[in-house]
Amino acid sequence: MNIPHVRTDRSEGEGLPIGLTLLSGAIAASMLVPISWLLFEVLTVNPEQVWSDFTRPLTAEVLTNSILLTIGVTTLSILLGVPLAWLTVQTDLPFRRFWTVVVALPLVIPSYIGAFSFVSAFGPRGEFQSILAPLGVERIPEIYGLPGSIVVITLYTYPYVYLTTRAGLLSFDRTLLDAARTLDHGRWEAFRRVTFPQIRPAIAAGALLAALYAVSDFGTPAIMRLRVFTRQIYVEFQSYQSEYAAVLSLQLLAIVLVVLALEYRVRSGGRTGGDGAGRGDAADPAVSLGTWRWPATLLPAAVSATALLVPLWILGLWVVNADPNASDALALQGFHVINSVKVAAAAAIVAVLAALPVAYFAARHDSRLSDLFDRATYVGFAVPGIVLALALVSAATAYDGALGTRFDLVPTIYKTIPLLVFAYVVRFMPQAVGTIRTNTLQVDPKLTEAAQTLGSSPLAAFRRITLPLVRPGIVAGAALVFLTAMKELPVTLLLQPLGFENLVTLIWEAQEQAFYQYAVIPSIILLIVSGLSMVVLLSQGGREGL
């Protein structure tokens, strides 16, 4: 989620309020505990062991695969997302409003659902091969490995680039294109020399999201049998090789930092221009495709059909071809849904309560300290879920070993619901911080100042004036945290309490045991949840550009 950080003169007093500052600082510090503990754990490992783990052939393979996967997904996402955004904003593409929505819909499908759908469809003995069998085709190209992982992840991440690029094009001043036209620039030349430099920051923002998703995705590489950091960390953890898993996690964090640095360099070198007067989505498009108008629809049609219809086709086949004699051990039960809703709702409530003081402090007090606290909450969002979960496992086991076994009154925290909820909060709290901060910036500080001049305390003024006005941001932030926590996979797998099962764990177990029919209904529920998250996300931008 890319929320612009607006800066205005918004301090409500000459000094920073001590209570709010301390509370915001404590919350921000708690968000850094998992990563800080992981760094501490790596530092305690024997340096010779660290170097031995770092120079393993397996480490080199994992590093190479992870880098190639990230580069491949990011490049393909740009190659798909930018043209699709350009077609739906600046051209006279037929049914533009329809394609505007449809090409964004793959974002609602969790990539691990897409992955096992594609394996079932295009695997060596998959559904597609069975269709071609009467024609004498006994085997189709292998979908497993790096190429298949790049394709599958790209199909469900290119909408990040599409949406951010589309937003940049919608604010693009079309008079610049008119000026280029007077200089006899063709469509491609005008895009290269005029449009692209203006929307480069938007493309970089979407590419960053795609790259971070690719490097942190766990489900797809695991299903595609690709050795990357996320999958190998899980394998080593399950094999009780926690030290090696920690070393791999540190290397994965290094890749994330490189991705963030590259994105910052590209974004800071770009610029945005125009005043939005020539909106790209106006009734009169800026670019006429001419004879390419109808053939151009093949791109959005092919991409969206591949990403959307393959999972729906496979889910439908699993229902039709369900084995009536299969064990009911993996059948969906009411407690699966209740458990998913319970932990996601708890995470949403805690995230909003924790985000509120941080977001308010950042919005109302322009200082380096408020910026530091605000940015600290985003660390968990940038860190891959598998790394966050491993860090919390290490911290929880150390805590239990140091206190839980010595003091009977001190409860253990490893493999408990509170630890799982805390992981969700660290991972997704930025969604709440961003929406609450944005809404707070829209509230005139003079309103609370007026309330205080009438005798209200700062807390009472906040409760009576600011809180009702920022309620839409609170609700939207809570909804986003709830909906994303519902479908989180690696954090849930590593931190789920013993005997705890929800929709995500049920889907994963059905996939691992090849009882795909039991994954259908949970997958559909998660697709609906993901669709609702898309609605909430789009509602933040209103109806702009639809």
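**Exercise 1. Which side chains meet in the salt bridge of Glu61, and where do the two residues lie?**

Step 1. The side chains of Glu61 and Arg227 meet in a salt bridge, 3.4 Å from N to O. A salt bridge here is a side-chain nitrogen of Lys or Arg within 4 Å of a carboxyl oxygen of Asp or Glu. The model is predicted, so local features need pLDDT of at least 70 and side-chain atom pairs count only at pLDDT 80 or more, while totals for chains, interfaces and linings use all residues. Residues are numbered from 1 along each chain as its sequence is written, and side-chain values use heavy atoms, with hydrogens and water left out.

Step 2. Glu61 lies in helix H3 (residues 57-90) and Arg227 in the loop between helix H11 (219-223) and helix H12 (229-238), so the salt bridge ties together parts that are 166 residues apart in sequence. Helices (H or I, at least four residues) and strands (E, at least two) are DSSP runs, numbered from the N terminus.

Step 3. Glu61 is partly exposed at a relative accessible area of 34%, and Arg227 is partly exposed at 38%. The classes are: buried under 20% relative accessible area, exposed over 50%, and partly exposed in between (1.4 Å probe, protein chains only).

**Exercise 2. State how many salt bridges the structure holds, and describe those of Asp92 and Asp374.**

Step 1. The structure holds 4 salt bridges.

Step 2. Asp92 pairs with Arg293 at 3.7 Å, N to O. Arg293 is in the loop between helix H13 (242-269) and helix H14 (298-320), and Asp92 is in the loop between H3 and helix H4 (96-102), 201 residues apart. Arg293 is partly exposed with a relative accessible area of 29%, whereas Asp92 is buried at 18%.

Step 3. Asp374 pairs with Arg437, and their closest N and O atoms are 3.0 Å apart. The link runs from helix H16 (residues 368-376), which holds Asp374, to helix H19, which holds Arg437, across 63 residues. Asp374 is buried at 0% relative accessibility, and Arg437 is buried at 1%.

**Exercise 3. Describe how helix H1 packs against helix H19.**

Step 1. Helix H1 (residues 18-44) and helix H19 (residues 417-441) pack at an angle of about 110°, with their axes 10 Å apart. Axes are lines fitted to C-alpha atoms, for helices over the stretch in contact, and angles run from 0 to 180 degrees between N-to-C directions.

Step 2. H1 and H19 are therefore roughly perpendicular to each other. The classes are roughly parallel under 35 degrees, roughly antiparallel over 145, roughly perpendicular from 65 to 115, and oblique for the rest.

Step 3. H1 contributes Ile27, Ser30, Met31 and Pro34 to the contact, and H19 contributes Phe422, Val425, Val426 and Met429. Contact means heavy atoms within 4.5 Å.

Step 4. These residues divide into 7 nonpolar, 1 polar and no charged. Ala, Val, Leu, Ile, Met, Phe, Trp, Tyr, Cys and Pro count as nonpolar, Asp, Glu, Lys and Arg as charged, and the others, Gly among them, as polar.

**Exercise 4. Are Thr492 and Glu263 buried or exposed, and what do they touch?**

Step 1. Thr492 lies in helix H22 (residues 490-495) and is buried, with a relative accessible area of 0%. Leaving aside neighbours within four places in sequence, Thr492 is in contact with Leu420, Tyr424, Asn502 and Thr505.

Step 2. Glu263 is found in helix H13 and is buried at a relative accessible area of 10%. Not counting residues up to four places away in sequence, Glu263 touches Ala204, Ala205 and Leu208. The C-alpha atoms of Glu263 and Pro201, 62 residues apart along the chain, are separated by 8.7 Å.

**Exercise 5. Find how many aromatic pairs there are, and classify the pair of Phe515 and Tyr518.**

Step 1. Rings of Phe, Tyr and Trp (its six-membered ring) pair if their centres lie within 6.5 Å; planes under 30 degrees apart count as stacked, over 60 as edge-to-face and the rest as tilted. By this rule there are 12 aromatic pairs.

Step 2. The ring centres of Phe515 and Tyr518 are 6.4 Å apart and the planes stand at 80°, so the pair is edge-to-face. Phe515 is partly exposed at 32% relative accessible area, while Tyr518 is buried at 10%.

Step 3. Ring pairs also link Phe116, Trp318 and Tyr516 into a cluster.
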